[in-house]
Amino acid sequence: MSSLITPPFTHPAGARAPAPAWPAFHVRQAVLDEEIAQAMALRRAVFCDEQGIFAGSDRDDIDLQARLLIAAAYDVQQAHSSVLGTVRIHEASPGLWWGSRLAVQRAMRRQARLGAQLIRLAVCTAHGLGCETFLAHVQVQNVPLFEKLHWRSLDTSLAHGREHHLMQADLAHYPPCHDPLMGFFVEAGGQS
């Protein structure tokens, strides 16, 4: 009788196969129409189709005032770049900035590297634009990631039928970024 569990692939010498490498990616402000369209499609896929938080579209009035849409794309050395994740930021009042609609492609969520880099550029960009306080409403399952990135929970509430934490970034850990269009590259690497 054969086993239903397949043993892990091993190399002839008996060593396990290396973990699959994640692609290098470029995290920066989205400006090209194709990037923006892909970012909005990703948000719709995550918040409407997958999570069912919104019906049809997750767009709202904040999209009209959002200062920047940050996107992560495959390294430009790839033949075709594709948006892997996105987040938006906006200034609600002088010095008070918010991040929202953080969305990452499902295949890239198994490790927090992409989400962390999107958060990093979002907060650093706002900091470079005069942010004194950076807040976000964070779904409860994502709170541990934000805590590792030097955020603290201020309060909890229900939003769209889901528990959220109102969280604040510690700006001391986010140096100002004055060129979000350049953003930064994250090297390819193994699964963490």
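Start by selecting Gln168: at 18% relative accessibility it counts as buried, because the cut-off for buried is under 20%. Keep in mind as you click around that this is a predicted model.

Gln168 sits in strand S8, so colour residues 162-169 to see its setting. Now show what surrounds the side chain and backbone of Gln168. Leaving aside residues up to four places away in sequence, Gln168 touches Thr133, Phe134 and Leu135, along with His150, Trp151, Arg152 and Leu154.

Hold on to Phe134 and Trp151, since they take you to the next stop. Both belong to the largest nonpolar core, which has 35 residues. Add Val27, Leu114, Leu118, Val123 and Tyr174, and you have the members that touch the most other members. Where does the largest share of this core come from? Select residues 113-128: that's helix H3, which supplies nine residues.

Next, centre on Tyr174. Again skipping residues up to four places away in sequence, Tyr174 is in contact with Ile119, Arg120, Val123, Cys124 and His127, plus Leu149, Trp151 and Ala169.

There's a second, separate core to visit, with twelve residues; pick out Phe47, Ile53, Ala71 and Ala103, which are among them.

Phe47 leads you to the last stop, helix H1. Select residues 33-50: these 18 residues reach 24 Å from first C-alpha to last, close to the 26 Å expected. Which H1 residues are buried? Highlight Glu35, Gln38, Ala39, Met40, Leu42, Arg43, Val46, Phe47 and Cys48. Finish just after H1 at Gly52, where phi is positive, about 65 degrees.

Note on methods. Residues are numbered from 1 along each chain as its sequence is written. This is a predicted model: local features need pLDDT of at least 70, side-chain atom pairs count only at pLDDT 80 or more; totals for chains, interfaces and linings use all residues. Side-chain values use heavy atoms; hydrogens and water are left out. Helices (H or I, at least four residues) and strands (E, at least two) are DSSP runs, numbered from the N terminus. The expected span of a helix is 1.5 Å times one less than its number of residues. Buried means under 20% relative accessible area, exposed over 50%, partly exposed in between (1.4 Å probe, protein chains only). A nonpolar core is a set of buried Ala, Val, Leu, Ile, Met, Phe, Trp, Tyr and Cys residues joined through side-chain atoms within 4.5 Å. Contact means heavy atoms within 4.5 Å.
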